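Biologist: Could you take a close look at the salt bridges for me, and explain the terms as you go?

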There are 2 protein chains.
Amino acid sequence: MSARAGIVVTGTEVLTGRVRDANGPWLAEQLRILGVDVGQVLVVGDRPADLLDALAFLSRGNDVVLTTGGLGPTADDLTAALVARHAGRALLLDAALAERIAARVARIAAARGWDTSSPDLAAGVHKQAMVPEGAHVLEPTGTAPGLVVPTGGPPVVVLPGPPSELQAMWPAAVADDLVDAALAGRSELRQATLRLWGPPEAELAAVLRSHGEEHDLSGLEVSTCLREGQLEVVTRHSPARQSAYDALSAALTHHFGDAVYSTDARDVDDLVAEALLAAGATAATAESCTGGLVAARLTERAGSSAYVLGGLVTYANEAKTALAGVPADLIASVGAVSEEVAVAMAEGARRATGATYGLSTTGVAGPGGGTPAKPVGRVHVAIAWDGGHRHARLQLPGSRSQVRERTVVTLLHLLREVLDGRAQQVQQG
Amino acid sequence: MSARAGIVVTGTEVLTGRVRDANGPWLAEQLRILGVDVGQVLVVGDRPADLLDALAFLSRGNDVVLTTGGLGPTADDLTAALVARHAGRALLLDAALAERIAARVARIAAARGWDTSSPDLAAGVHKQAMVPEGAHVLEPTGTAPGLVVPTGGPPVVVLPGPPSELQAMWPAAVADDLVDAALAGRSELRQATLRLWGPPEAELAAVLRSHGEEHDLSGLEVSTCLREGQLEVVTRHSPARQSAYDALSAALTHHFGDAVYSTDARDVDDLVAEALLAAGATAATAESCTGGLVAARLTERAGSSAYVLGGLVTYANEAKTALAGVPADLIASVGAVSEEVAVAMAEGARRATGATYGLSTTGVAGPGGGTPAKPVGRVHVAIAWDGGHRHARLQLPGSRSQVRERTVVTLLHLLREVLDGRAQQVQQG
């Protein structure tokens, strides 16, 4: 038994890449948690025929079809009408729903100081309360109701486009009895993620292949991907195949050793945050080529004020001297992109803030500024603490933004390794 | 006449949202520039039947179908074989291509210190040189060749998944004679973007509606979207309808005045960079709630070292005092999230770096840390210069990352307005 869903994302702004779709990936993840496979995510523009074709296509081979977007109050928001046509159902005014929407609209309009008597608002309410005959209404979380629409084939779940509205409505969609019946075949599917830092993708592929030659991997859906220089092995399997997954995980850990840095859901950001908290330690940054990205990433998570004190962006050489205290003659003699300056910057970050660990980056992010001795992609990262430091010289491929992003990730892993090593020293000492 | 394309993005990691697809939006934009409409972007996982269904679906109603991904050296990369099956063509080894791929692989392996005699590498080369009979080969830009595969219907253009490889291969794909013939119906479509900062979306919708009631907007495809708090009006039209677009643009500029901050392709980042360069001015930051995001955004573009000196991330109160020189008793009396501290931070950023403009952020990004007086989303931003400053108090909606992102955008717009105003003063003076 299994259950499968197809997702239609509507909107010309998504199709043309002006807006990044957040709903497809979010719904795919929610469905996975429910034990439902997602077969396709299909993005279409605002043309009626394209949405109708999409609904017909996804209705083949799926147990339920979900749509996002196109539920707004304006005339070009056509999803409800087109799903009604797809289902062969009339579109009717739900008067009670119209009253509830009107009340919500009035509250929003009042809060924003709009003219609540505007005929535009009334027309919008009327439009949003038009519902395919026999559809189940999912109560609006913004102003648009969601719908579960019975068809001759799989039911269509119609959800709003704004991610916060869609996410707030999701529990009601899942609780709907039509949806529940359509997904009756779903079965728990476990997902496990194992992450590696360092080895090449080809070596991982070879290890997976050779493990597969000696073990039965049926029922394990293994996919690997390279993200920000990190290798991820994501495996989905039924509870019955847990032991096969455990054997695979053990084989990878045995072969790659410390390069396997996570066998649970934790990413490098989690590991660094937890290790800093556990050690009662703090971090501060001095960034050149990354221009603030390391500090921004460290402070991305709530509660980071417990272990991030602050940082310096020392983009100009003068700033390296004035803010991080890097001697100007050191920069003059070895250059700003050097091990010596990276270490001095890391020490400067500590000194300026009193942090336990100072983290630094200095490099040539490109596309200009490279020389034969220091080509684009040459980056030095360093970590300094009381009485010690670590340093790494990198040669990173890719665009300016890729070089910057890879630098951040590499520095986070270096910090993770330093924190691991020092924690072990403390245990041994 | 017109030409239309469908795009298939392959990969379970994209389908499940673990990796964000960059290729669909990039290809959609490139095709638009060529005058080709994109009908659909369809994401499928690694299951063979799903890709075959996708190829069949997109072959109806499109003049060309493009695929991305699934061309790697490992056994689960099946795109070439499945496109061959879709086209009813045998998959054959291209021996000359295999030699060229082997040479590329050998260079990469040598650079990374891998064992170049590994049978894994040889197997990968053989796999990547298997080509559907009669297909045109697009020379590899990584190790995977692209393909243009003739079918009974629209040709299929097979492109690699890594964005840098795909983008490097694109000119060859467009130059291919099969592709050129399939897209013969394409016609120039102009796209114009007008950007607003400030007015509500409903006001924009009303102005567009009333303009449409008095003017013929046929042949103009207008879409609006709200991005990072900025409103974008994107219009596509044929050259013949240029005057209708000009009238629409003039009406919006007339109604909204200075809120229209861009009528060409330039975004706020461009405008700020150009204005700083034109004024020979420099900027430096002191960031609390944004934790480095303002500096990271300012240094995103190449050449930013000409106008960004550096910055401070003063996340902890102690750092605000130690790095930005904000008096500790000021923080104690009015709180870190206040106009006074924001202005003091901006002045501190100038003082620490010697920059013309100091930019600051301090606020409650959430989800914790809010109080009735200073709820989550309360942010102060400030800009200081020699003899003056500007400040804004914000109450931003959304998640922690949304609050941080909106803060960055708001500060950039404030800087844009300051730079505009001071440029005008100089002209008048």
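Modeller: Happily, here is a walk through some of the salt bridges. This is a predicted model, in which local features need pLDDT of at least 70 and side-chain atom pairs count only at pLDDT 80 or more, while totals for chains, interfaces and linings use all residues. Residues are numbered from 1 along each chain as its sequence is written, chains are lettered from A and ligands numbered from 1 in the order in which they are written, and side-chain values use heavy atoms, with hydrogens and water left out.

A salt bridge is a side-chain nitrogen of Lys or Arg within 4 Å of a carboxyl oxygen of Asp or Glu. Over all chains, a search of the whole structure finds 35 of them.

Let us begin in chain A, where Glu417(A) pairs with Arg390(A), their closest N and O atoms being 3.1 Å apart. This pair links distant parts of the chain: Glu417(A) sits in helix α16 and Arg390(A) in strand β17, 27 residues apart. Helices (H or I, at least four residues) and strands (E, at least two) are DSSP runs, numbered from the N terminus. Glu417(A) has 30% relative accessibility and counts as partly exposed, a term for values between buried (under 20% relative accessible area) and exposed (over 50%), using a 1.4 Å probe and protein chains only. Arg390(A) is partly exposed too, at 33%.

Now to chain B: Glu139(B) forms a salt bridge with Arg100(B), with 2.5 Å between the closest N and O atoms. Glu139(B) lies in the loop between β6 and β7 of chain B, and Arg100(B) in helix α5, 39 residues apart. Glu139(B) is partly exposed at 39%, as is Arg100(B) at 36%. Finally, salt bridges that share partners join Asp37(A), Glu221(A), Arg236(A) and Arg47(B) into one network.
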